[in-house]
Amino acid sequence: MNCKELGIYVHFPFCKKRCLYCDYTSFTDLNLIEVYLNALKKEIILKSKKLKNRKVKTIYFGGGTPSIIKTNLIENIFLTLKNNFDINSLEEFTIEVNPDSINKEKLSFYKDIGINRISIGFQSTSNNILKTVGRIHNYDEGIHAFKLTKKYFDNINVDFILGLPGETTSTIRENLHFIQNSQPSHVSYYLFDASHKTPLKSLLDNGKMVLPDDDFLADQLDLIYDFLDNLNYKHYEISSWALLNKESKHNKLYWNNLDYLGLGVSAGGHIDHFRYVNTSSLNKYIKLIDQGIFPYEYKNKNDQFQELLETLFMGLRLFKGISYDSLVDRFGKKLTDEVVQSLKINLKSYLCIDDCIKLSKKGLDYSRYVFEKMLDIHL
Ligand SMILES: C[S@@+](CC[C@H](N)C(=O)[O-])C[C@H]1O[C@@H](n2cnc3c(N)ncnc32)[C@H](O)[C@@H]1O
Ligand code: SF4
């Protein structure tokens, strides 16, 4: 993808009910949807002004739960994007859906407006786990949602989380059998991240719930890798597996540190070395947009060093890593060599540094440590 191309992420921050483990920005007062979407339309128009020459390659409608938004409102947002950006070369258009809020009318509508990839939040096939973490659907509803979606789309991702309370070898085996039987084109299998302040974290801190232990999870991860490998899924990113040619084009923009626009509350973006995150306050967002002000909570114009570090940081998530030559092309040989030298000193056994820079087996097992350590690199 060249630098004139663009991805667009749109955040729909509403859910019927909050899951106990989740710290993404979303609100349960659904009366606020319309006023939010009006502000979102204004942000789309504001942001598009300097990006008219960009060719949009991917759009991602994420959340929250975009599938609880009425189709006429989704259409409105899509038309605002279409009227303000060049989407003639669009290759991938994804929407996240929850099993409890999808039906054939919505799926057929998604197809009509050009959506060609559906991401279903499954999380687990275990009814016990789903209930424990506050999901409002059960396994049967998940299966039903998947089968229905398959009638309309062949490009389907399913999200799973490994290591929620109640996880056992048999819950993991069930998840893998679901994948084997239903053959989604893409699987995201995230390791549960308990570091954020969530209701589940409080329950864990108070000893009211317990997590499976780390050694057990490390063994189970190896089993998941082997199982999906045998089913011909390519493990192309730390948490992502895809059948042939079904890797997520949009997510690869993030991992290659290319340009994408983030729109909506709490959305982040990266355009021409400018990185930003929008405010996660709904009131602030609406107020600032009404005044024609970009609602940034964080913004920074990266210098070459920061941009290079970010590129490594994101690119190390990819199994093939980042090619040394591409770094030299983007950042010059001198700076690239200085940073690579520092990586060799600080993270030697965690990385393979050759034509490509990538995580070693040890680096994969301890990826969170590697990413923390990379934040300390200074020249
Ligand atoms: C922001 S959610 C939106 C998807 C959709 N609302 C749903 O619930 O299925 C995107 C994905 O992030 C993952 N996720 C959310 N919180 C997580 C956590 N604490 N640890 C690991 N993965 C998490 C889940 O797999 C979820 O499907
Ligand atoms: S996991 Fe999905 S449905 Fe649950 S609170 Fe987070 S965004 Fe909402």
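**Domain interface and strand pairing in the predicted model**

Domain 1 and domain 2 bury about 790 Å² between them, and carbon and sulfur atoms account for 54% of this area. On the side of domain 1, the residues that lose the most area to domain 2 are His-235, Glu-237 and Ile-238, which together make up 55% of what that side buries. The structure is a predicted model, and the values reported here were computed from it. The size of an interface is often given as the accessible area lost when the parts come together.

The two domains were assigned to residues 5-253 (domain 1) and residues 304-379 (domain 2) of the protein chain. Their centres, taken over C-alpha atoms, are separated by 28 Å. Contact between them involves 9 residues of domain 1 and 9 residues of domain 2.

Polar and charged interactions were also examined across this boundary. Between domain 1 and domain 2, 4 residue pairs are in polar contact, with both residues of each pair at pLDDT 80 or more. Strand 7, spanning residues 234-237, gives the most to the side of domain 1 that touches domain 2, contributing 3 residues. By residue class, that side of domain 1 consists of 4 nonpolar, 2 polar and 3 charged residues. The number of salt bridges between domain 1 and domain 2 is 2. A salt bridge is formed by Asp-222 and Lys-361, whose closest N and O atoms lie 3.8 Å apart.

Strand pairing was then considered, beginning with strands 10, 11 and 12. Strands of a sheet pair through backbone hydrogen bonds, either parallel or antiparallel. Strand 10 (residues 268-271) pairs with strand 11 (residues 274-278) in the antiparallel sense, over 4 bridges. Within this pairing, Gly-269 has Tyr-276 of strand 11 as its bridge partner, and His-270 is matched in the same manner with Arg-275 of strand 11. The hairpin of strand 10 and strand 11 has 2 residues between the strands, and Asp-272 in this hairpin takes a positive phi near 50°.

Strand 11 is also joined to strand 12 (residues 296-301), to which it runs antiparallel, by 5 bridges. Tyr-276 has Lys-299 as its bridge partner in strand 12. Tyr-276 is thus bridged to Gly-269 as well as to Lys-299.

A further set of strands forms an open sheet of 3 strands in the order 13-15-14, with antiparallel pairing. Strand 13 and strand 14 are the edge strands, each pairing on one side only. Strand 13 (residues 322-323) is paired with strand 15 (residues 356-359) over 2 bridges in the antiparallel sense. In this pairing, Ile-322 stands opposite Ile-357 of strand 15, while the bridge partner of Ser-323 in strand 15 is Cys-356.

On the other edge of the sheet, strand 14 (residues 351-353) is joined to strand 15 by 3 bridges, and these two strands run antiparallel. The connection from strand 14 to strand 15 is a hairpin of 2 residues. Ile-353 has Ile-357 as its bridge partner in strand 15. Ile-357 accordingly faces Ile-322 and is bridged to Ile-353.

Key:
Residues numbered from 1 in each chain as written. Chains lettered and ligands numbered in written order. Predicted model: local features only at pLDDT ≥ 70, side-chain atom pairs only at ≥ 80, totals over all residues. Heavy atoms only, no water. Domains from an automatic or database assignment. Contact = heavy atoms within 4.5 Å. Buried area = accessible area lost by both parts, 1.4 Å probe. Salt bridge = Lys/Arg side-chain N within 4 Å of Asp/Glu carboxyl O. Polar contact = N/O pair within 3.5 Å; in protein donor to acceptor, adjacent residues only side chain to side chain. Nonpolar A, V, L, I, M, F, W, Y, C, P; charged D, E, K, R; others polar. Pairing = 2+ DSSP bridges.
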